[in-house]
Amino acid sequence: MNKDLFNENQETFVSPNAKAFVVVPNLPEILSPLLAIANNVWWCWNSDAVELFRRLDRDLWEETYHNPKAMLGMIKQETLAALSEDDSFVSHMERVKGELDKYMSMNTWYHDSCSDYADMKFAYFSTEFAIHESLPIYSGGLGILSGDHLKSASDMGLPLVGVGLLYRYGYFKQYLNSDGIQQEEYNENHFELMPLELVKDKKNEPLIITIDIPKEKISARVWKLQVGRVPLYLLDTDFSKNSKEVREITGELYGGDRNMRIRQEILLGVGGVKLLKALNIDPGVIHINEGHSAFLLLEKMREYIEDEGLSQAEAFQLVQSGCVFTTHTPVPAGNEIFGADLVTRYFEPMYKKLGFSAEQFLALGSFPAKNLKMGNPSDFSMTILALKMTNKANGVSRLHATVAREMWSGIWPGLPRKEIPITHITNGIHTNTWISYEFAGLFDRYLGAAWKDEPADHTIWQRVAHIPDAELWRSHERRRERLVSFARARLKHQLKRRGLSEIMSSYADEVLDPEALTIGFARRFASYKRGNLIFKDLERIKKIITSKEHPVQIIIAGKAHPQDGVGKEIIKQIVSLANDPELKYKVVFLEDYDMNVAHYLVQGADIWLNNPLRPEEASGTSGMKAAVNGALNFSVLDGWWCEGYNGDNGWTIGSIDEYSDREYQDEVESKAIYDTLEKEIVPLFYARGIDGIPRGWTKKMKMSMQTLGPVFNTNRMIEEYAKKFYITSALSHEKLKKNKFEAAKKKAQWLINVRNNWKDVHVVKVEDNINGEISVFGDMSVTARVYIGSLNPEDVSVQIFSGFINSKQVVSSQETYEMRLVSKEGNDFIFEGKVFADKVGRCGYTVRILPQCGGEVQYISELIKWQ
Ligand SMILES: *Cc1c(COP(=O)(O)O)cnc(C)c1O
């Protein structure tokens with residue numbers, strides 16, 4: 001809801017006895033489709049639908065911060081009466097309603113390519129979802145990714161349900177005081193003015209989910225937000241049934257202390273599973289999107305033990321096979337931890353039900369010795385809990401997964417880093433949400449209508465070549481103009497709020513130049529993102545910016561975490577620079593970065609700047625949004641850009657060298673920024689043909705759109721999650737469940753047996769036919785004699801592990817070769833295998849034993865034996 005709409009009434013009068021009631025819109029019958037459209041947020045990624053609501057009342061559209069549901073309640077009856085007589089409006093409305101109906105019933109990717117799995121269901125848990133600026137229950141990148149995940153899931157017909165929390169105050173709104181110090185303001189969300197439906201039970205009463213925690217009961221209502229085809233269920237504790245303390249649980253996103261945070265995460269994880277049960281949704285796979293919701297693993301276990309009568313070991317197998325996990329940050333502080341005493345306080349009754357001792361329970365989330373630098377022995381890590389209890393895990397870019405494998409390698413001691421079971425599925429964006437109206441029009445004309453449904457199709461994006469340079473440039477310039485006028489209006493509003501007079505704030509009307517090279521920079525002001533790096537050498541950047549001939553300007557936005565003093569200091573510094581007489585018209589800080597601000601920025605900037613400290617940016621998605629809108633990325637080779645950059649589709653900052661001296665690193669990389677700006681970016685931007693078109697630049701724009709557009713979108717991402725994670729996990733989960741959990745029981749028994757015997761398992765002796773040298777592409781035969789105690793040979797996988805070997809006997813760029821059983825001699829088994837020498841150099845091999853179940857090698861913490 002728009003900022004100040006309700007504030008005025010809020011504090012004037014407090015009456016505990018006041019009776020509350022809900023006033024609903026009263027639309028003429030003929031306009032009732034408007035409500036149906038407003039109630040499915042599908043409208044927000046369909047420009048014809050957005051245009052329909054804007055057309056209703058342009059002022060109200062802005063005043064409600066683009067909230068159709070609120071508009072329909074506020075619009076005057078005369079206006080509605082007039083609109084119902086307006087044939088052109090009515091036919092526009094009917095066209096949009098027809099599109100929505102068609103969308104909801106048409107065949108989809110999942111229907112066509114995954115028809116064998118039509119009955120599967122998947123659930124996606126996240127602590128924040130960013131769907132639209134009028135639903136402020138998100139903070140930043142994680143929420144954007146969750147929202148875009150749901151939207152693409154809907155477009156592709158993936159049978160997914162979302163689960164999250166509905167925050168009364170959401171995340172804070174940012175404004176700056178006259179000293180440039182960030183102020184935080186929490187506005188109340190009015191759920192009745194959001195497209196939410198209160199979920200009812202069979203008796204048509206509001207469905208209530210209850211969670212017992214020691215000495216307390218948490219009750220939650222459930223709201224449904226329809227995201228195209230995908231329902232998003234949101235839990236809410238802020239209603240009269242609950243105590244004040246419980247009501248506050250769904251107050252602020254990332255607010256409160258550790259105790260508040262754990263209560264939120266219990267509600268999300270434990271409450272979310274109970275909610276699915278109450279709705280009779282039995283997902284084949286649950287996706288834990290970042291560790292916040294990982295307590296759901298414990299509740300799922302409890303279900304299997306208490307409701308199905310299974311043992312702890314059996315329940316563990318079932319939970320693990322049915323859950324997957326995505327980790328989102330390599331920054332240790334970004335990985336949720338709770339003190340052992342706090343988790344014990346809340347989970348003692350639960351872990352007893354699960355048959356764990358306190359020690360066993362805490363071990364599920366405790367840092368292995370090798371990771372102790374990241375956390376205390378008495379910390380309980382949600383990331384570790386999730387990694388241990390799910391069957392698949394991923395980082396959000398190739399580089400991030402590499403970092404995550406190293407970071408969490410202590411959980412699988414003995415396993416080479418390359419084999420740590422954390423893979424990568426690189427983030428994407430929901431193209432239709434982020435593309436500008438102008439570029440969507442260009443794509444319709446030159447790429448064909450299919451681009452909307454098939455954003456991951458490379459051949460469609462190749463057609464960007466057909467867009468005439470002049471048309472591409474004009475569309476982009478129009479977006480830059482829109483950005484400049486948006487920035488001016490925002491700045492004026494900001495200055496007035498800081499108390500400046502009309503005259504003093506009037507310079508805002510003239511800041512920025514709609515034709516100058518515009519750098520966009522918007523992100524959280526976390527210290528690793530280095531929001532002020534570009535100002536490191538003030539004289540040098542001033543020289544670049546203030547050039548008369550080739551002017552450059554920078555528009556900056558972003559919030560600092562309320563407790564992050566360093567981040568706030570950086571904002572303050574930038575705002576003070578933006579007041580410097582030389583920079584005043586060239587550097588603008590836009591307050592309250594959100595989806596709306598992001599739209600203007602990514603659609604209107606020429607250069608999208610990103611300079612995190614490598615490798616701390618897990619992926620980043622704003623650069624992907626900028627790319628499809630024709631902005632060129634100028635970024636450190638971190639996160640997604642490490643995969644996206646091809647030498648020709650944007651620019652990099654510095655190299656991949658990492659220095660231990662942060663100050664030195666900053667210096668090297670800020671210099672790299674200035675050099676590239678001066679030598680490449682500015683000259684290319686201002687190299688105009690006689691028609692004013694920068695053809696070198698538009699060529700790069702096209703290269704960037706063609707190479708990045710088809711890859712870094714959530715359709716590609718959803719297909720990867722569906723194929724690599726959801727469907728495969730659901731199939732093995734189903735297998736374990738069949739015939740009254742027959743296979744789960746067997747596997748649990750198998751694991752108990754393997755664990756009991758593992759200490760005896762070892763390689764007795766290895767022989768080969770190698771005499772010092774072999775020629776490349778030759779075979780080597782290896783024979784291993786192994787002892788496996790009372791295990792069966794099919795319980796183990798005996799492998800040759802070979803590769804280059806250095807003077808310290810470290811084997812690198814390794815390959816593994818499965819060995820096969822040839823005989824039994826006494827108590828030992830004899831395995832044979834061949835190594836294929838395809839590399840020249842100093843090579844080596846060793847033999848190892850891993851557990852194996854049903855023909856599949858198992859990576860179970862600590863269960864590995866090396867020769
Ligand atoms: C896209 C987006 C983000 C995430 O962008 P990063 O590149 O990961 O920083 C954060 N906030 C908003 C409002 C966004 O639109």
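This is a short tour of a predicted model, from its domains to its ligand site, one arginine and one helix.

Residues are numbered from 1 along each chain as its sequence is written. In this predicted model, local features need pLDDT of at least 70, side-chain atom pairs count only at pLDDT 80 or more, totals for chains, interfaces and linings use all residues, and side-chain values use heavy atoms, with hydrogens and water left out.

**Domains.** Colour the chain by domain: domain 1 (29-105), domain 2 (109-175 + 182-427 + 723-733), domain 3 (432-712) and domain 4 (761-866). These bounds come from an automatic or database domain assignment. The C-alpha centres of domain 1 and domain 4 lie 67 Å apart.

**Ligand.** Next, select the ligand and the residues near it (a heavy atom within 4 Å). This shell holds 14 residues, and the closest are Ala598, Gly620, Thr621, Ser622 and Lys625. Domain 2 and domain 3 both give residues to the shell, so the ligand lies between them. Show helices H9 (141-156), H25 (595-604) and H26 (622-628), each of which supplies at least two shell residues; helices here are DSSP runs of H or I with at least four residues, numbered from the N terminus.

Now look at the ligand's oxygen atoms. A polar side-chain atom of Ser622 is 2.5 Å from one ligand oxygen atom, and for a polar side-chain atom of Lys625 the distance to a ligand oxygen atom is 2.6 Å. From Thr621, a backbone N or O atom lies 3.1 Å from an oxygen atom of the ligand. Taken alone the ligand exposes 390 Å², of which the protein buries 93% (Shrake-Rupley method, 1.4 Å probe).

**Arginine 716.** Move to helix H30 (residues 714-757) and select Arg716. Is this arginine buried or exposed? Arg716 is buried, with a relative accessible area of 13%; buried means under 20%, exposed over 50%, and partly exposed in between (1.4 Å probe, protein chains only). A polar atom of the Arg716 side chain lies 2.8 Å from the backbone oxygen of Thr426. Leaving aside neighbours within four places in sequence, Arg716 is in contact (heavy atoms within 4.5 Å) with Ile425, Thr426, Asn427, Gly428, Ala456, Pro710 and Val711.

**Helix H19.** Last, select residues 437-446, where Glu438, Phe439, Ala440, Gly441, Leu442 and Phe443 are buried. Which helices are part of what covers the buried residues of H19? They include H20 (458-462), H21 (469-497), H26 and H29 (695-708). Just after H19, Gly448 takes a positive phi of about 90 degrees.

Note on methods
A polar contact is a pair of N or O atoms within 3.5 Å; within protein, one must be able to donate a hydrogen and the other to accept it, and residues adjacent in sequence count only if both atoms are side-chain atoms.
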